[in-house]
Amino acid sequence: MASHYEAPIRKPLVVGDKGYHDVTVDIARPVEGKANKQWWIVFTIALVAFLWGLGCIIYTVSTGIGVWGLNRTVNWAWDITNFVWWVGIGHAGTLISAVLLLFRQKWRMAINRSAEAMTIFSVVQAGLFPIIHMGRPWLAYWVLPIPNQFGSLWVNFNSPLLWDVFAISTYLSVSLVFWWTGLLPDFAMIRDRAVKPFQKKIYSLLSFGWTGRAKDWQRFEEVSLVLAGLATPLVLSVHTIVSFDFATSVIPGWHTTIFPPYFVAGAIFSGFAMVNTLLIIMRKVCSLEAYITVQHIELMNIVIMITGSIVGCAYITELFIAWYSGVEYEQYAFLNRATGPYWWAYWSMMTCNVFSPQFMWFKKLRTSIMFSFFISIVVNIGMWFERFVIIVTSLHRDYLPSSWTMFSPTFVDIGIFIGTIGFFFVLFLLYSRTFPVIAQAEVKSILKASGEKYKKLRDSGQPLYQMPQGVNRVVSKDEIITDDVLMGEVKPTVGDKVGVSELLSAVGSFDSVTETPDDLKKIKGVGPEMERTLNEIGIYTYAQVARMTEKEYDLLDSITGTFPGRAQRDDWAGQAKLLNDKK
């Protein structure tokens with residue numbers, strides 16, 4: 001009991017009366033079952049946006065980037081703004097997972113999978129913009145030092161474009177391995193529950209032969225810690241390199257040493273906000289309210305509040321340094337941001353990024369799901385305006401008044417950006433229907449310490465293993481006292497007729513006149529002998545097996561006396577439901 005102790009003041013991280021089997025069923029349901037109405041609504045909207053963006057990309061590639069609103073003065077505009085924004089969003093995912101793993105934070109368990117997936121899909125969107133911005137995307141491979149038709153052509157490593165290519169590709173590789181490693185136990189879980197041979201084969205390949213042995217778990221822990229240790233400094237370095245795209249130039253408003261920590265803080269800020277947005281959507285679309293709780297949302301909001309304050313300090317520091325430097329060009333650049341033609345973008349940035357997160361000081365607001373969703377979207381809007389302000393307002397008025405001009409996006413600029421948002425959500429929603437969105441093995445590891453069911457049992461002084469309600473206990477003189485009995489799992493004796501009647505009253509009786517027996521051997525774990533045993537008890541159909549719960553599994557184990565826990569482990573009820581639906 002001591003190994004599972006947790007301070008009573010801590011709120012449960014898994015709410016509801018959830019046991020280990022419930023965790024498996026709930027997390028596997030979005031993958032095994034049919035998509036609900038909410039999923040189809042969100043997916044349809046995302047797909048329409050993606051197709052619109054795809055059309056704009058095809059138009060851009062076929063016509064040229066002259067269809068964008070950029071010009072000779074503002075040659076970095078909407079596209080690079082979107083690139084930096086997507087890179088920033090992609091940072092928090094791996095950071096959340098890696099840092100919280102290193103610090104052994106339990107609240108990481110329910111959110112790390114979605115955060116890591118967000119990283120992968122965000123970096124994919126970010127990579128589109130520099131490739132298109134090249135003007136000849138079919139020659140994008142020239143940025144890699146590989147043999148080509150020119151013999152030995154080495155890229156220019158002084159180019160900021162190359163810094164981004166190598167930094168982001170390294171980050172994507174490490175993040176992908178980190179994400180996939182964490183998925184292995186969950187792939188194995190889906191593999192073992194799969195009914196269709198094709199599905200079982202696919203998840204067998206994805207799980208890389210995971211068996212759940214102690215050696216597998218030891219290597220899993222070691223690799224996860226090593227990757228977390230690699231990913232944490234990598235998160236800091238990648239956005240630092242992105243900031244060097246600006247800081248190494250001599251453009252007023254860019255040439256400053258505060259950019260690396262400023263960009264990293266902003267990336268974490270926007271990334272946490274996007275994770276919050278996704279978690280709130282996923283808990284509704286996939287019915288995961290018991291695992292992505294209000295406490296998880298509150299903790300995310302606290303991080304958003306802290307990083308928003310750090311970003312606000314960076315804004316003030318920028319203003320102070322511009323004034324203190326005495327350089328009139330720097331002073332004018334910041335005065336122009338606040339009072340010039342793009343003043344609306346600057347004050348939108350300040351409102352969204354500095355003022356809105358301060359509402360999270362109030363517990364009632366930071367524990368409100370709808371308000372949290374609203375603020376997380378506001379923060380992402382504000383961080384996009386930050387990148388727009390940094391890029392456009394610094395370029396449209398620089399050292400030469402004769403080259404001053406304005407930038408206005410075209411429908412193609414806007415269409416590509418909306419298309420990447422749609423593409424991101426299409427990928428994320430497809431991922432939620434293919435991969436478990438929560439690490440079920442890790443959630444189970446904290447269930448006894450942080451599950452509401454077990455907390456209530458501890459608080460009331462009861463053992464963690466309870467006798468199923470309504471089971472009529474009949475003890476024979478020859479009954480052997482087993483470990484299960486000592487642990488509180490008291491069950492009917494083998495062959496007990498009271499247990500059989502209790503079981504049949506729950507799953508229903510078979511009517512040989514109106515019903516036809518099903519082939520129960522199609523259920524994984526049910527062989528000819530077990531089918532015969534089930535028939536002797538009175539269970540003949542998939543519908544009866546599908547009604548089994550944890551209580552009925554225990555009754556069945558006690559009646560048959562063979563392979564205890566097999567029915568629950570293989571989820572006979574879930575398999576039978578799928579088979580019954582196909583009849």
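## Salt bridges

The structure holds ten salt bridges. Keep in mind as you look around that this is a predicted model. Side chains of opposite charge can pair when their charged atoms come close.

A good place to start is helix H20, which spans residues 528-537 and contains both Arg 532 and Glu 529. These two residues sit three positions apart, about one turn of the helix, and they form a salt bridge in which the closest N and O atoms are 2.5 Å apart. How open to the surroundings is each partner, buried, partly exposed or exposed? Arg 532 has a relative accessible area of 43%, so it is partly exposed. Glu 529 counts as exposed because its relative accessibility is 53%, and the cut-off for that class is over 50%.

## Pairs with buried partners

Another salt bridge joins the side chains of Arg 213 and Asp 216, at 3.7 Å from N to O. Asp 216 has a relative accessibility of 11%, so it counts as buried, since buried means under 20%.

The side chains of Glu 386 and Arg 387 also meet in a salt bridge, with an N to O distance of 3.6 Å. Here both Glu 386 and Arg 387 are buried. Elsewhere, Glu 298, Lys 363 and Arg 366 are linked in a network of salt bridges.

## Cavities

How many cavities of 30 Å³ or more does a search of the whole structure find? There are five. The largest cavity has a volume of about 60 Å³.

Glu 386, met above in a salt bridge with Arg 387, helps to line this largest cavity. The other lining residues are Tyr 262, Tyr 315, Glu 318, Leu 319, Phe 334, Arg 337, Tyr 346, Met 349, Val 389 and Ile 390. Two or more lining residues come from each of helix H9 (294-325), helix H10 (328-339), helix H11 (343-355) and helix H13 (369-395). By type, the lining has eight nonpolar residues, three charged ones and no polar ones.

## A buried glutamine

Our last stop is Gln 544, found in helix H21 (residues 542-546). With a relative accessibility of 1%, Gln 544 counts as buried. Its side chain reaches the backbone nitrogen of Thr 541 at 3.1 Å.

Which residues does Gln 544 contact, leaving aside its neighbours within four places in sequence? They are Leu 504, Val 507, Gly 508, Ser 509, Phe 510, Gly 538 and Ile 539.

Terms used:
Residues numbered from 1 in each chain as written. Predicted model: local features only at pLDDT ≥ 70, side-chain atom pairs only at ≥ 80, totals over all residues. Heavy atoms only, no water. 1 Å grid on protein atoms, 1.4 Å probe; cavity = no way out; pocket = protein on both sides within 12 Å on 5 of 7 lines; lining within 4 Å. Points joined across faces, edges and corners; volume = space filled by probe spheres on them. Helix = DSSP H or I, 4+ residues; strand = E, 2+ residues; numbered from the N terminus. Nonpolar A, V, L, I, M, F, W, Y, C, P; charged D, E, K, R; others polar. Salt bridge = Lys/Arg side-chain N within 4 Å of Asp/Glu carboxyl O. Buried < 20%, exposed > 50% of the residue type's maximum accessible area, 1.4 Å probe, protein only. Polar contact = N/O pair within 3.5 Å; in protein donor to acceptor, adjacent residues only side chain to side chain. Contact = heavy atoms within 4.5 Å.
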